[in-house]
Amino acid sequence: MQGLDMLTVTGLAVIAVALSTILKQKNPEFSLMISLLTGILILGMIISAGIPLFERIEALLQKTGARAEYVQILFKALGICFITQIACDACRDLGETAVASKVEAAGKISVLLISLPLFEQILAVVGSLIG
């Protein structure tokens, strides 16, 4: 299994931040473009390194006999959390903290909504144990 090369990620980030800082004074639009492109590039690296991880987690869950819908809920919730965090960080980087807080709230509600079938199942089991 191939891991995420943190030396490459941190090197890319440091170079991008240095270039962005230098360009921010004269060409702020180029500074923003460098930040966005760097973020997209690092996100691509994260996704490509994370695919084997998700495949392994899925295989482990299948060995335990977990139902497929529970695994789907887990992965969807995880995806929503990652996407929400990236969007919030981007909003904060652009000085839009109010928008970031709304995106966080939307992400939390989305996770609760997709997890609702799991909560219903847990409550049904608890109800059958009590009654």
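# Notebook: four helices, looked up one by one

I began with cover: helix H1 (6–26) is among what covers the buried residues of H2. I note here that the model is predicted.

**Entry on H2**

I looked up which residues of H2 are buried, and found Ser 31, Thr 38, Ile 42, Met 45, Ala 49 and Gly 50. Helix H2 runs over residues 28–63, which makes 36 residues. I checked its reach from first C-alpha to last and got 52 Å, close to the 52 Å expected at 1.5 Å a residue. I then looked for a bend and found a kink of about 35° at Gly 50, shortly before the proline Pro 52. Gly 50 is thus on two of my lists, as a buried residue of H2 and as the site of the kink. Just after H2, I noted that Gly 65 takes a positive phi of about 85°.

**Entry on Leu 19**

I turned to H1, where Leu 19 has its place. Is Leu 19 buried or partly exposed? I read 42% relative accessibility for Leu 19 and entered this residue as partly exposed, because buried means under 20%. I also looked up its distance to Ile 34. The two residues are 15 apart along the chain, and the C-alpha atoms of Leu 19 and Ile 34 are separated by 7.7 Å.

**Entry on H3**

Helix H3 covers residues 68–93. I counted its extent next: H3 has 26 residues and reaches 38 Å from its first C-alpha to its last, close to the 38 Å expected at 1.5 Å a residue. The buried residues of H3 are Val 71, Ile 73, Ala 77, Ile 80, Thr 84, Cys 88 and Cys 91. I asked what covers them, and the answer includes H2 and H4. Just after H3, Gly 95 takes a positive phi of about 80°.

**Entry on Thr 84**

I picked Thr 84, in helix H3, for a closer look. Its relative accessible area is 15%, so I put Thr 84 down as buried, the limit being under 20%. Which residues does Thr 84 touch, not counting those up to four places away in sequence? I found Val 103, Glu 104 and Gly 107. Of these, Glu 104 is in helix H4, and Gly 107 is among the buried residues of H4.

I then took Ala 105, also found in helix H4. Ala 105 and Thr 84 are 21 residues apart in sequence and 9.3 Å apart in space, C-alpha to C-alpha. Ala 105 counts as partly exposed, because its relative accessibility is 41%.

**Entry on the salt bridge**

How many salt bridges does the structure hold? I found one. In it Glu 104 pairs with Arg 92, and the closest N and O atoms are 2.7 Å apart. The pair links distant parts of the chain, with Glu 104 in helix H4 and Arg 92 in helix H3, twelve residues apart. I looked up how open each partner is. Glu 104 has a relative accessible area of 28% and is partly exposed. Arg 92 has 36% and is partly exposed as well.

**Entry on H4**

Helix H4 takes in residues 97–130. I listed Ala 100, Gly 107, Val 111 and Ser 115 as buried there. H3 is among what covers the buried residues of H4. I found a kink of about 50° at Ser 115, shortly before the proline Pro 117. As I did with Gly 50, I note that Ser 115 is both a buried residue of its helix and a kink site.

**Entry on the nonpolar patch**

Last, I looked up a nonpolar patch on the surface. Its area is about 780 Å², and Ile 109, Leu 112, Leu 113, Leu 116, Phe 119, Ile 122, Val 126 and Ile 130 make it up. I checked two of the members.

- Leu 116 lies in helix H4. I entered Leu 116 as partly exposed because its relative accessibility is 42%. Its C-alpha atom is separated by 9.4 Å from that of Ile 73, which is 43 residues away along the chain. Ile 73 is on my list of buried residues in H3.
- Val 126 is found in helix H4 too. Val 126 counts as partly exposed, because its relative accessibility is 37%.

Definitions and conventions: Residues numbered from 1 in each chain as written. Predicted model: local features only at pLDDT ≥ 70, side-chain atom pairs only at ≥ 80, totals over all residues. Heavy atoms only, no water. Patch = residues over 30% accessible without salt bridge, like charges linked within 9 Å, V, L, I, M, F, W, Y side chains within 5 Å. Areas by Shrake-Rupley, 256 points an atom, 1.4 Å probe, with all protein chains shown as cover. Salt bridge = Lys/Arg side-chain N within 4 Å of Asp/Glu carboxyl O. Buried < 20%, exposed > 50% of the residue type's maximum accessible area, 1.4 Å probe, protein only. Expected span 1.5 Å × (residues − 1). Bend = angle between axes of the 7 residues up to and from the residue. Contact = heavy atoms within 4.5 Å.
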